[in-house]
Number of protein chains: 2
Amino acid sequence: MTNTSTERQACTMELLRQANLRPTRQRITLSFLLFGNGDRHVTAEHLHAEAVAAGEKVSLATVYNTLHQFRQAGLLRELAIDGSKTYFDTNTSNHSHFFDEQQGALIDIPEDSVRVEGLPTPPPGMRISHVDVVVRLVRE
Amino acid sequence: MTNTSTERQACTMELLRQANLRPTRQRITLSFLLFGNGDRHVTAEHLHAEAVAAGEKVSLATVYNTLHQFRQAGLLRELAIDGSKTYFDTNTSNHSHFFDEQQGALIDIPEDSVRVEGLPTPPPGMRISHVDVVVRLVRE
DNA sequence: ATTCCTGCAAAGGTTTTGCAATGGG
DNA sequence: CCCATTGCAAAACCTTTGCAGGAAT
């Protein structure tokens, strides 16, 4: 543990300020939950439950709004894993994922271990913004 | 053009029979739209609109049912591309996709051109069922 | 005749939106 | 004080489901 709680909180405030988002009580709690303790994958509902469990009074609508604001600010990446739910990843680097289809669990694969080779040139007038790799797992 | 329309229709009927699905009017039309003319990516709504435009009387619920029945029979693959919509691919081989985020358009990448290397071993008790690669494109 | 399939409408789940009330700067 | 932000409830959206009528074997 190298940071005090106060230092981490100051860091969180700085994140919000740089993203041009007013550091409201709700946003501070949510960014703390998201960025305060390593890389995470969350859904809106999951994060909302966590905030409520932590004693924060915040609505689900605000969680959705905040997640999208953070995504627009480049603090989160949206993942298309499963048609029915939207996952957000606090690790915005270009890394791959394992996905356990039965459990709905996501696991990061370190950024530099996976290489995608032999990609064709994109159609004219277009460029690659991101390469998503999802490795789907089933129980043996 | 090597097949007559009748031959293609016979082929379609054969698909359904092998999948243990009664060759009803709706299923015949839908499988013909899906498999009658090369590889395709469709959403339920898109396929429904196409069927209606072709003069077929079919409900959206039946299109959903049929797409899932075809997927269970291994005739289609479901793609997670975008949180809000489910895409189905008539090409069930393990290939990659370009996705144009602005247009929502999907383009196949030939199966053998892309290689994913350096994947770590799956967690104990699990094995890889499929590797999905989506190359997201933006306008330059 | 029996079983499967279809259509409709209603329910389901997730996400977005409109608007009045609240709270930071 | 002003304007961004919040919360609520309603709406929007895609998808699934229940069930009665219809079609296939």
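Buried area here is the accessible area, taken with a 1.4 Å probe, that two parts lose on being put together, summed over both. In this predicted model, chain A and chain B bury about 3,200 Å² between them, and carbon and sulfur atoms give 59% of that area. In residue terms, 37 residues of chain A are in contact with 36 residues of chain B.

The two chains can be laid on top of each other: a rotation of 179° with 0.0 Å of shift along its axis puts chain A on chain B, at an RMSD of 0.2 Å. The copies are thus related as by a two-fold rotation axis. As for what each copy brings to the contact, 97% of the interface residues of chain A are interface residues in chain B as well, so the copies meet through the same surface.

Turning to the polar side of things, 14 residue pairs are in polar contact between chain A and chain B, with both residues at pLDDT 80 or more. Four salt bridges also turn up across this interface. One of the links of this kind joins Arg115(B) to Glu117(A), with the closest N and O atoms 3.5 Å apart. On chain A, the elements giving two or more residues to the side that touches chain B are strand 2 (77–82), strand 4 (96–100), strand 5 (105–109), strand 6 (115–117) and strand 7 (126–139). Strand 7 of chain A gives the most, with 14 residues. Sorted by class, this side of chain A has 19 nonpolar, seven polar and 11 charged residues.

Then there is the DNA. Around DNA strand D sit 18 residues, of which Thr24(A), Gln26(A), Arg27(A), Thr62(A) and Tyr64(B) come nearest. On the DNA side, sugar and phosphate make up 80% of the atoms of strand D that come within 4 Å of the protein. Individual pairs can be picked out too. Thr24(A) has a polar side-chain atom 2.7 Å from a phosphate oxygen of DNA strand D, and an N or O atom in the side chain of Thr62(A) is likewise 2.7 Å from a phosphate oxygen of that strand. For Gln26(A), a polar side-chain atom lies 2.7 Å from a sugar or linking oxygen of DNA strand D.

Both chains contribute to the surface near DNA strand D: helix 2 (25–35) and helix 4 (60–72) of chain A, plus helix 4 (60–72) and strand 3 (85–89) of chain B, each supply at least two residues. The largest share, four residues, comes from helix 4 of chain B. By class, this surface has five nonpolar, eight polar and five charged residues.

Note on methods:
Residues are numbered from 1 along each chain as its sequence is written. Chains are lettered from A and ligands numbered from 1 in the order in which they are written. This is a predicted model: local features need pLDDT of at least 70, side-chain atom pairs count only at pLDDT 80 or more; totals for chains, interfaces and linings use all residues. Side-chain values use heavy atoms; hydrogens and water are left out. Copies are superposed by least squares on the C-alpha atoms of residues with pLDDT of at least 70 in both. Contact means heavy atoms within 4.5 Å. A residue is near a molecule or strand if one of its heavy atoms lies within 4 Å of it. A polar contact is a pair of N or O atoms within 3.5 Å; within protein, one must be able to donate a hydrogen and the other to accept it, and residues adjacent in sequence count only if both atoms are side-chain atoms. Ala, Val, Leu, Ile, Met, Phe, Trp, Tyr, Cys and Pro count as nonpolar, Asp, Glu, Lys and Arg as charged, and the others, Gly among them, as polar. A salt bridge is a side-chain nitrogen of Lys or Arg within 4 Å of a carboxyl oxygen of Asp or Glu.
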